[in-house]
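Me: I would like to go through this structure one point at a time. Please give the reasoning briefly and finish each answer on the item asked for.

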Amino acid sequence: MKLVTAVIKPHKWEDVREALETFGVTGMTVSEVSGYGRQKGHTEVYRGAEYDIALVPKIRLEIVIDDADAQDVVGIIVKTAQTGRIGDGKVWVTPVETVVRVRTGDTDEAAI
Amino acid sequence: MDGYYAFMLVATALVLMMTVPALALFYGGMSRSKSVLNMMMMSYVAAAIVGILYVAVGWSMGWSGDGTLFANPLDLFWLDGVATGDYIYVMFQMTFAIITVALISGAVESRLKFSAWVLFVPVWALLVYFPLAHMVFSCTEASLICGRIGAQDYAGGTAVHINAGIAALVLVLLLGKRVGWPKEQMRPHNLTLTMLGAGLLWFGWYGFNVGSIVFAGEEGEAFTARFISETGRTFGNTTLAAFAAILGWLAIERLVHKKATSLGAASGIVAGLVAITPAAGAVDLEGAVAIGFVAGAVCAWAVGLKYKLGFDDSLDVVGVHLVGGVIGTVLIGVFSTSEGAGGVDGLLYGGGLGSLGDQTLGVLVAVAYSGVLTAVIALAIKYTIGLRLDEEDEVNGIDLAAHGESAYDLHSGSSGSGSSSGILAASTSSTAVTSRNEGVKA
């Protein structure tokens with residue numbers, strides 16, 4: 001099993017969710033996060049004083065998926081979330097040892 | 001006369017609204033989420049303390065008779081001898097005392113001990129505001145600024161705005177900077193409150209300026225005619241000055257900082273209204289637009305001075321009220337017309353430099369009197385009960401330290417212990433803006 005983690009632009013989140021649902025992804029964990037990469041932050045001005053706001057709001061998706069589907073899921077996220085402008089985000093894949101469904105105690109593939 | 005009386009009832013309630021809640025909202029929105037309640041409480045508690053003190057001795061010090069600096073505090077003690085039919089004039093002046101004291105609170109965001117504020121408020125009102133109100137508003141022959149110098153001040157450019165502005169500067173210099181200022185970024189936490197507060201201040205300002213018409217004992221139609229023409233002038237001037245000041249402030253912002261901001265519009269409203277306060281009865285509409293525009297533009301620049309000079313006037317009481325008050329009071333010497341309430345021509349209307357000199361002298365007297373006495377009061381508090389909140393309490397938030405409350409419960413999922421959510425919210429937002437921060441660039 002793999003854990004696919006993606007950090008994307010907030011306005012792309014709905015498109016990504018629909019595309020993943022169409023593909024057959026049944027669930028995910030979503031959080032509102034902030035951070036920065038090459039995009040850096042932005043500047044705000046209050047009564048003439050400039051403030052460098054370092055952190056940019058992003059959406060983070062976490063999806064646990066079968067090994068076979070991992071590359072497809074990554075491809076869908078990249079294709080859907082891409083705007084071509086700086087700050088589109090990152091997707092990475094990490095191996096997962098064990099998954100347990102809390103309600104039934106099912107493990108691994110049966111728990112996804 | 002009946003209409004005048006009814007109008008004063010409304011005007012008095014409007015001016016009280018300027019402190020509670022308008023100023024509290026205006027300042028509260030600009031403060032940080034961990035100190036917004038304390039910021040608002042400083043206005044509310046000032047109203048309560050000054051209001052009762054005003055009835056005790058404030059009215060008597062202002063209006064019981066002649067005197068250079070103040071009249072006898074005990075002649076009309078607790079309104080003894082004042083007819084209930086005259087109470088509304090007492091209450092009207094009381095609301096001016098309240099807002100003047102409350103205005104100072106914007107300079108000391110998040111670090112002045114609440115006990116120090118509760119002590120400062122009545123002592124400052126007694127020794128600084130009540131005398132200045134006598135010198136300016138009572139206008140008896142011996143009264144220093146109106147009677148002797150002859151400076152025009154329709155509704156309180158000197159007694160209210162310059163007075164509060166210079167007091168704020170002195171208090172900040174003795175109190176010191178907030179922990180982390182100016183390296184750590186301290187953005188306004190809720191500008192919608194500030195926009196709402198500015199709008200309510202504007203509404204209340206009609207009571208403040210238009211209500212400042214003085215009934216001089218004329219009979220019947222003579223007073224009615226003056227009442228109607230003078231209130232028309234002050235209402236029109238108040239309105240146009242605010243409009244012009246919005247444009248003045250936004251123009252400077254757009255030119256210097258590339259963006260016209262909502263905080264700039266709110267600040268422009270207040271700067272313009274401050275500047276037209278002394279001049280509301282003295283100038284024509286052209287004068288009001290000129291004074292408003294100059295005040296908006298100059299104050300937009302002046303709020304940056306604290307970074308260059310290194311004093312942490314947190315919400316710009318100096319940059320808006322001292323600077324705006326000086327602009328309005330001095331420019332009366334330029335734009336005053338003899339058709340106005342003061343009957344004096346300024347420089348542009350062929351009156352020469354006489355008025356300009358009187359106005360400037362009035363400003364200097366107000367600055368010197370308020371500045372020196374505020375320093376004495378603040379030093380006395382500093383070396384007795386102390387001015388400054390404990391540093392750890394300041395960083396954790398004065399709302400929690402002084403009042404045991406948090407303004408917002410935005411993290412209720414993590415707030416098992418109730419009050420801790422305020423600290424979490426505060427520390428989260430401050431780390432959010434500091435990681436790439438090289439300090440505020442003025």
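Me: In what order do the elements of chain A run from the N terminus on?
Reply: This is a predicted model, so everything here is computed from predicted coordinates. Chain A has two helices and six strands. From the N terminus on, the order of these elements is β-α-β-β-β-β-α-β.

Me: What radius of gyration does chain A have, set against a compact globule of 112 residues?
Reply: Along the principal axes, the C-alpha atoms of chain A fill a box of roughly 60 × 30 × 20 Å. Of its 112 residues, 18% count as buried. A compact globule of 112 residues would have a radius of gyration near 13 Å, but the value for chain A is 17 Å.

Me: Among contacts in chain A between residues at least 6 apart in sequence, what percentage join residues at least 24 apart?
Reply: One pair with a wide separation along the chain is A:Gly89 and A:Lys9, which are 80 residues apart and have C-alpha atoms separated by 6.7 Å. For chain A, the share of such contacts that join residues at least 24 apart is 69%.

Me: Which residues is A:Gly89 in contact with, leaving aside its neighbours within four places in sequence?
Reply: A:Gly89 belongs to strand β6 (residues 89-95) of chain A. With 22 other C-beta atoms within 10 Å, A:Gly89 is buried. Outside its sequence neighbours, its contacts are A:Ala6, A:Val7, A:Ile8, A:Lys9, A:Lys58 and A:Ala81.

Me: Is A:Arg47 buried or exposed?
Reply: A:Arg47 sits in the loop between β3 (42-46) and β4 (49-53) of chain A. Its phi is positive, about 45 degrees, although A:Arg47 is not a glycine. Most residues other than glycine have a negative phi. The cut-off for burial is 20 or more other C-beta atoms within 10 Å, and A:Arg47 has 24, so it is buried.

Me: Where is B:Cys139 found, and what is its phi near?
Reply: B:Cys139 has 14 other C-beta atoms within 10 Å and is therefore partly exposed. B:Cys139 is found in the loop between α4 (114-138) and α5 (144-149) of chain B. Its phi is positive in a residue other than glycine, with a value near 55 degrees.

Me: What is the radius of gyration of chain B, and what does the globule rule give for 442 residues?
Reply: Chain B has 16 helices and zero strands. Its radius of gyration is close to the value from the globule rule, so chain B is as compact as a globular protein of that length: 21 Å against 22 Å.

Me: What percentage of the residues of chain B count as buried?
Reply: The C-alpha trace of chain B spans about 70 × 50 × 35 Å along its principal axes. Among its contacts between residues at least 6 apart in sequence, 76% join residues at least 24 apart. Of the 442 residues, the share that count as buried is 55%.

Me: Which residue does a cis peptide bond join to B:Trp181?
Reply: Most peptide bonds are trans. The bond from B:Val20 to B:Pro21 is cis, with omega near 10 degrees, and B:Pro21 lies in helix α1 (residues 2-30) of chain B. In the loop between α6 (157-175) and α7 (191-210) of chain B lies B:Pro182. With omega about 0 degrees, the cis bond joins B:Trp181 to B:Pro182.

Me: How are α12(B) and α13(B) oriented to each other?
Reply: The axes of helix α12 (residues 317-335) and helix α13 (residues 354-382) of chain B come within 6 Å and cross at roughly 160 degrees. The crossing of α12(B) and α13(B) is right-handed. Angles over 145 degrees count as roughly antiparallel, so α12(B) and α13(B) are roughly antiparallel.

Me: How do the residues of the contact of α9(B) with α10(B) divide by class?
Reply: Helix α9 (residues 262-279) and helix α10 (residues 285-302) of chain B pack at about 130 degrees with axes 8 Å apart, and are therefore oblique to each other. The contact includes B:Gly264, B:Gly268 and B:Ala271 of α9(B) and B:Gly287, B:Ala288 and B:Ile291 of α10(B). By class, the residues are 10 nonpolar, six polar and no charged.

Terms used
Residues are numbered from 1 along each chain as its sequence is written. Chains are lettered from A and ligands numbered from 1 in the order in which they are written. This is a predicted model: local features need pLDDT of at least 70, side-chain atom pairs count only at pLDDT 80 or more; totals for chains, interfaces and linings use all residues. Axes are lines fitted to C-alpha atoms, for helices over the stretch in contact, and angles run from 0 to 180 degrees between N-to-C directions. Helices (H or I, at least four residues) and strands (E, at least two) are DSSP runs, numbered from the N terminus. Angles under 35 degrees count as roughly parallel, over 145 as roughly antiparallel, 65 to 115 as roughly perpendicular and the rest as oblique. A crossing is left-handed if the near helix is turned anticlockwise from the far one by less than a right angle, and right-handed if clockwise. The radius of gyration is taken over C-alpha atoms; the globule rule is 2.2 Å times the number of residues to the power 0.38. A residue is buried if 20 or more other C-beta atoms lie within 10 Å of its own, exposed if 12 or fewer, and partly exposed in between; C-beta atoms are placed from the backbone. Two residues are in contact if their C-beta atoms, placed from the backbone, lie within 7 Å. Ala, Val, Leu, Ile, Met, Phe, Trp, Tyr, Cys and Pro count as nonpolar, Asp, Glu, Lys and Arg as charged, and the others, Gly among them, as polar.
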